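This briefing covers the ligand surroundings, the strand pairing and the helix packing of one model. The points are grouped by topic and can be checked against the structure.

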Amino acid sequence: MKKYLENINNSSDLKNLSIEELSLLAQELREFIIDVVSVKMGHLGASLGVVELTIALHYIFDTPNDLLVWDVGHQAYPHKILTGRRNSFHTNREFGGISGFPKLGESVFDAFGTGHSSTSISAALGMSIASKLKGENNRHHIAVIGDASIASGMAFEGLNHAGVTKSNLLIILNDNEMGIDPNVGALKNYLTSVKQGKDIHQKNVFEAFDISYSGPIDGHNLNDLIDELKRLKSIKGPKLLHVITRKGKGLRKAEDDQVTYHAPGPFNKFSGELIDQKELDLAPKFQDVFGLTLVELAESNEKIIGITPAMPTGSSLKYMIEKFPDRAFDVGIAEQHAVTLAAGLATQGMLPFCAIYSTFLQRAYDQIIHDVALQNLPVVFCIDRAGLVGEDGPTHHGAFDLAYLSCIPNMIVFCPMNAMELRDMLFSVQFDLNGPVAIRYPRGRGRHVDWRKSFNRIETGKGRLIKEGKDLAILSVGPLGETVQLICKKQAYSNVAHYDMRFVKPLDENLLDKIFQTYTMIITIEEGTVKGGFGAAVLAYKNIKKADHVGIECLGLPDKFIEHGSMQQLYELVGLDQKSIEKVIDRTRINKNC
Ligand SMILES: Cc1ncc(C[n+]2csc(CCOP(=O)(O)OP(=O)(O)O)c2C)c(N)n1
Ligand SMILES: CC(=O)[C@@H](O)[C@H](O)COP(=O)(O)O
Ligand SMILES: [Mg+2]
């Protein structure tokens with residue numbers, strides 16, 4: 001029986017509770033999060049770490065009139081539960097359910113949509129400037145940002161601006177010394193010195209930005225938090241409160257293994273023990289195929305360097321960091337720096353492999369163009385989580401990389417159909433690479449991997465015929481080709497030809513010429529936005545060749561943001577599941593009378 005939690009329907013209900021009652025509420029809130037996340041999954045550790053902080057913020061401030069922005073937003077479960085979403089929390093991250101991140105429109109308490117890191121200071125500063133211009137002088141604007149996220153360039157841009165405004169902005173630095181993996185970098189070392197009370201012989205770094213600093217205080221002590229927030233509420237201008245918390249607080253296993261419990265699978269809610277996912281027979285994840293293959297290649301090629309912006313575990317670059325710590329770098333949440341660092345290395349004859357999730361690479365677009373492609377530098381972009389990612393939803397789907405990369409001069413864009421092709425391409429880029437190449441692969445697992453099979457060189461810009469046919473040709477890029485293979489194995493589709501085109505750029509024009517000569521109907525399939533993607537490139541080529549007799553239907557992600565949900569639900573939503581593809585083939589054949 002959750003006596004206190006059940007009576008909180010929104011943040012104003014907190015105001016009547018005593019500090020002792022708030023502390024009991026904190027206990028109930030933790031139990032509730034553990035109950036639900038142990039079964040439904042999602043981000044655990046960060047939310048457990050901010051239970052007291054969330055209660056204190058909603059207790060002291062007048063939300064939603066005061067505006068509260070959660071950086072990344074993966075720690076916002078207590079906020080969601082206390083602001084009217086307790087009863088829908090069991091639908092968290094499910095198709096049609098609430099989002100795993102704060103989302104404008106989901107609740108008036110979600111002042112800003114997040115998912116990508118380090119945006120909170122800029123967003124809250126923008127809100128505070130708007131309030132001032134509108135004469136709303138008593139409104140408070142609060143950004144809660146983690147120690148890993150504040151080290152990102154974007155957060156520093158926000159601090160740099162905030163310091164010269166008189167804006168009523170409160171930044172809460174939630175310092176748990178962790179990103180998803182242990183936090184890294186000089187700022188992390190600095191914050192550790194501050195917490196240890198070391199005399200660091202200089203002005204506090206935030207005060208140097210003209211932002212008044214207070215703390216560090218214990219972020220699990222409600223009394224301290226409430227006293228300090230009350231004090232800060234009456235202080236005008238930009239200010240930063242440094243709060244120390246423990247990621248995973250309240251669940252022993254989550255405190256002890258903070259990396260795993262950042263977003264664990266299902267677990268026993270009492271012991272915290274992970275529930276066996278029976279993974280023994282499964283093929284390896286694409287990320288592991290990348291990470292382990294890179295180590296294999298780096299053993300015989302000293303020029304190979306690995307780079308990840310804060311995702312050593314998620315990208316599996318951790319294997320190279322373990323094996324070659326001098327040649328593999330976790331640079332923190334710093335996608336822009338990661339790309340230009342790679343460019344710098346490449347100018348000196350190194351071969352950098354920059355492992356970045358598709359969605360986070362968006363942040364480094366200018367660096368890709370200006371620092372890498374324009375100078376035609378051999379940087380290998382290993383783009384993970386390309387395509388739909390499932391429950392994280394629209395902030396995290398890798399929907400756009402095919403479109404945003406293939407329009408850049410000098411860029412080669414390769415989509416392996418399976419893990420063996422991923423291995424072969426990682427191997428192949430070591431030879432004769434004169435410019436940048438992007439290799440994009442999805443979240444999750446492929447099919448079987450034969451680690452003993454020797455590498456094959458993949459020729460740039462060459463597609464391959466998988467199966468001959470008569471009626472029509474399907475041209476796929478990436479792992480959706482495996483779905484097409486399954487379809488083509490069915491008797492009803494034995495006349496359908498299948499080509500794995502492999503490269504979105506350069507297109508295999510010779511192969512396309514042959515296909516245009518042989519087929520009057522083509523279906524292109526890609527797991528990326530259809531606007532500006534592979535299908536669009538094939539259509540453009542058809543127009544150049546004036547192949548008017550050929551009809552082309554392009555399947556891919558539609559021109560809208562795709563919600564969160566399971567992969568199967570999302571494939572059905574966008575028409576990329578096996579049945580929907582079969583229907584398109586059937587319809588096309590009826591139209592063509594074949
Ligand atoms: C631009 C961007 N890069 C990478 C990520 C992936 N990511 C999500 S949470 C996280 C770590 C955040 O650490 P911190 O800000 O300290 O918050 P904590 O989880 O410790 O509460 C990372 C790297 C992201 N969300 N956005
Ligand atoms: C909040 C965030 O950005 C990450 O935790 C992200 O959810 C990780 O995604 P993967 O589970 O695909 O590594
Ligand atoms: Mg942290």
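The notes below describe a predicted model. They take the two ligand shells, then the strands and sheet, then a pair of packed helices.

**Ligand shells**

- Ligand 1 is surrounded by 20 residues, of which Ser 117, Gly 146, Ala 148, Ser 149 and Gly 179 are the closest.
- By class, the residues around ligand 1 are 8 nonpolar, 9 polar and 3 charged.
- Domain 1 (5-262) and domain 2 (286-440) each supply at least three residues to the shell around ligand 1.
- The shell of ligand 2 consists of His 43, Val 72, His 74, Ile 180, Ala 263, Gly 314, Arg 385, Val 389, Asp 392 and Arg 443.
- Around ligand 2 the classes are 4 nonpolar, 3 polar and 3 charged.
- The shell of ligand 2 likewise takes at least three residues from domain 1 (5-262) and at least three from domain 2 (286-440).

**Parallel pairs with β5**

- Strand β5 (residues 239-244) pairs with strand β3 (residues 169-175) in the parallel sense, over 6 bridges.
- In that pairing, Lys 239 of β5 has Leu 170 opposite.
- Strand β4 (residues 212-218) also runs parallel to β5, with 5 bridges between them.
- Ile 244 of β5 stands opposite Asp 218.

**The seven-stranded sheet**

- An open sheet of 7 strands follows the order β7-β6-β8-β9-β11-β10-β15, and its pairing is mixed.
- At the edges are β7 (328-330) and β15 (503-505), each of which pairs on one side only.
- From one strand to the next, the twist averages 20°.
- Helix α14 (residues 335-347) packs on this sheet, where it touches β6 (304-308) and β8 (351-357).
- The direction of α14 makes about 165° with that of β8.
- Within the sheet, strand β10 (residues 412-414) and strand β11 (residues 437-440) run parallel and are joined by 3 bridges.
- Val 413 has Ala 438 in β11 as its bridge partner.

**Packing of α11 on α18**

- Helix α11 (residues 286-300) packs with helix α18 (residues 419-428) at an angle of about 30°, and the axes are 10 Å apart.
- The crossing of α11 past α18 is right-handed.
- On the α11 side, the contact involves Phe 286, Val 289, Phe 290, Thr 293, Leu 294 and Leu 297.
- On the α18 side, the residues met are Ala 419, Leu 422, Arg 423, Leu 426 and Phe 427.
- The contact between the two helices comprises 9 nonpolar residues, 1 polar and 1 charged.

Note on methods:
Residues numbered from 1 in each chain as written. Chains lettered and ligands numbered in written order. Predicted model: local features only at pLDDT ≥ 70, side-chain atom pairs only at ≥ 80, totals over all residues. Near = placed C-beta within 6 Å. Nonpolar A, V, L, I, M, F, W, Y, C, P; charged D, E, K, R; others polar. Domains from an automatic or database assignment. Axes fitted to C-alpha atoms, helices over the stretch in contact; angles between N-to-C directions. Helix = DSSP H or I, 4+ residues; strand = E, 2+ residues; numbered from the N terminus. Left-handed = near helix turned anticlockwise from the far one by under 90°. Contact = placed C-beta atoms within 7 Å. Pairing = 2+ DSSP bridges.
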